[in-house]
Amino acid sequence: MTIRVLIADDQQLVRTGFQMILDAQPDVEVVAAVADGAEAVSEARRLRPDVCLLDIRMPKLDGLEVTRALAGPGVEKPLRVVIVTTFDLDEYVYGALRSGATGFLLKDSGPTLLIEAVRAAAAGDALVSPSVTVRLLQHLAQPRRTALPPNDPLTDRELDVVRLVARGRTNQEVAGELFVSLSTVKTHLGSIQAKLGVRNRVEIAAWAWESGVVS
């Protein structure tokens, strides 16, 4: 199955570079490359791509506004959004993740991570640049114990999964560290999301830092 991607970035060089990298993959097709946030919303709603790659700082609508429009809590059929930014400690990135984005990358992360992020998002997972995951969440979500506790308490094993997710581990890395199968990790993640009322692993990580589960 071909993964259909929309790219939104106000720099033509970035759009062209990303499109060349992604179109070279046998399972990826760039269906639109736009220069501003308003066009990103319009084209995304028209084309319904599998993944939207959004810059944070764009004319007309910024990446945060676009994310809310395409993947926010009130969106009936949210699209999968990955934020791509120059800044690894940018409050707008955190806001976008909390608004429904499934992950974020730095623009200098390289082709491999870009491709992995697109494939992960298309599969319903998330990829966050490993080099900035912990620093970003520590900086922008200092443990304040203000996050609402889950209605149904997490089990000890679920808390283990939460802590590893909050430190940027992939599903395979979580499975390896806990000596369980990949399907077991996915089952735990589904249960955790239901208990916390969140939609993806990025929101799980944010909850972990805000609630003080990770320090």
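In this predicted model, Asp55 is in contact with Ala8, Asp9, Asp10, Gly63, Val84, Thr85 and Lys107, once residues up to four places away in sequence are set aside. Asp55 belongs to strand E3, which spans residues 51–55, and the UniProt record, in an unreviewed entry, places the feature "modified residue: 4-aspartylphosphate" at this residue. The points below begin with the surroundings of Asp55 and then turn to the nonpolar cores, the salt bridges, Lys195 and helix H10.

**Asp55 and its charged partners**

- Asp55 has a relative accessibility of 6% and therefore counts as buried, the limit for that class being under 20%.
- Asp9, Asp55 and Lys107 are joined into one network by salt bridges that share partners, and both Asp9 and Lys107 also appear among the residues that Asp55 touches.

**Strands E1 and E2**

- Strand E1 is largely enclosed by the rest of the structure, because 5 of its 6 residues are buried.
- E1 pairs with E2 in the parallel sense, and the pairing runs over 6 bridges.
- Within this pairing, Ile7 has Ala33 of E2 as its bridge partner.

**Nonpolar cores**

- The largest nonpolar core has 24 residues, of which Leu6, Cys52, Leu54, Leu70, Val81 and Ile83 touch the most other members.
- At least two residues of this core come from each of strand E1 (3–8), strand E2 (28–34), H2, E3, helix H3 (63–71), strand E4 (81–85) and helix H4 (91–98).
- Leu70, when its neighbours within four places in sequence are left aside, is in contact with Val41, Ala44, Arg45, Cys52, Val75, Lys77, Pro78, Leu79 and Val81; Cys52 and Val81 are, like Leu70, among the core residues that touch the most other members.
- Another core lies apart from this one and has 21 residues, including Leu154, Val185, Val198 and Trp209.

**Salt bridges within a helix**

- The structure holds 8 salt bridges, and side chains of opposite charge can pair in this way when their charged atoms come close.
- One of them joins the side chains of Arg46 and Glu43, with a nitrogen-to-oxygen distance of 2.8 Å; both residues lie in helix H2 (residues 37–47), where they are 3 residues apart, or about one turn of the helix.
- An α-helix has 3.6 residues a turn, so residues three or four places apart point the same way.
- The two partners in H2 fall into separate accessibility classes: Arg46 counts as exposed at 56% relative accessibility, whereas Glu43 is buried with a relative accessible area of 17%.
- A second such pair is formed by the side chains of Asp160 and Arg157, which meet at 3.4 Å from N to O; these residues are 3 residues apart in helix H7 (residues 156–166) and are thus separated by about one helical turn.
- In the H7 pair, Asp160 counts as partly exposed at 28% relative accessibility, and Arg157 is also partly exposed, with a relative accessible area of 33%.

**A salt bridge between helices, and the setting of Lys195**

- Glu158 forms a salt bridge with Lys195, and the closest N and O atoms of the pair are 2.9 Å apart.
- This pair links distant parts of the chain, since Glu158 is in helix H7 and Lys195 is in helix H9 (residues 182–196), with their positions 37 residues apart in sequence.
- Both partners count as buried, Glu158 at 5% relative accessibility and Lys195 at 15%.
- A polar atom of the Lys195 side chain also lies 3.1 Å from the backbone oxygen of Pro153.
- The residues that Lys195 touches, not counting those up to four places away in sequence, are Pro150, Asn151, Asp152, Pro153, Leu154, Thr155 and Glu158; of these, Leu154 is a member of the 21-residue core.

**Helix H10**

- Helix H10 (residues 201–211) is mostly covered, with 11 of its 11 residues buried.
- Its buried residues include the charged residues Arg201, Glu203 and Glu210, as well as Trp207 and Trp209, and Trp209 is also listed among the residues of the 21-residue core.
- Just after H10, Gly212 takes a positive phi of about 85°.

Key: Residues numbered from 1 in each chain as written. Predicted model: local features only at pLDDT ≥ 70, side-chain atom pairs only at ≥ 80, totals over all residues. Heavy atoms only, no water. Buried < 20%, exposed > 50% of the residue type's maximum accessible area, 1.4 Å probe, protein only. Helix = DSSP H or I, 4+ residues; strand = E, 2+ residues; numbered from the N terminus. Salt bridge = Lys/Arg side-chain N within 4 Å of Asp/Glu carboxyl O. Polar contact = N/O pair within 3.5 Å; in protein donor to acceptor, adjacent residues only side chain to side chain. Contact = heavy atoms within 4.5 Å. UniProt positions renumbered as here; feature names shortened; annotations may be inferred. Core = buried A, V, L, I, M, F, W, Y, C linked by side-chain atoms within 4.5 Å. Pairing = 2+ DSSP bridges.
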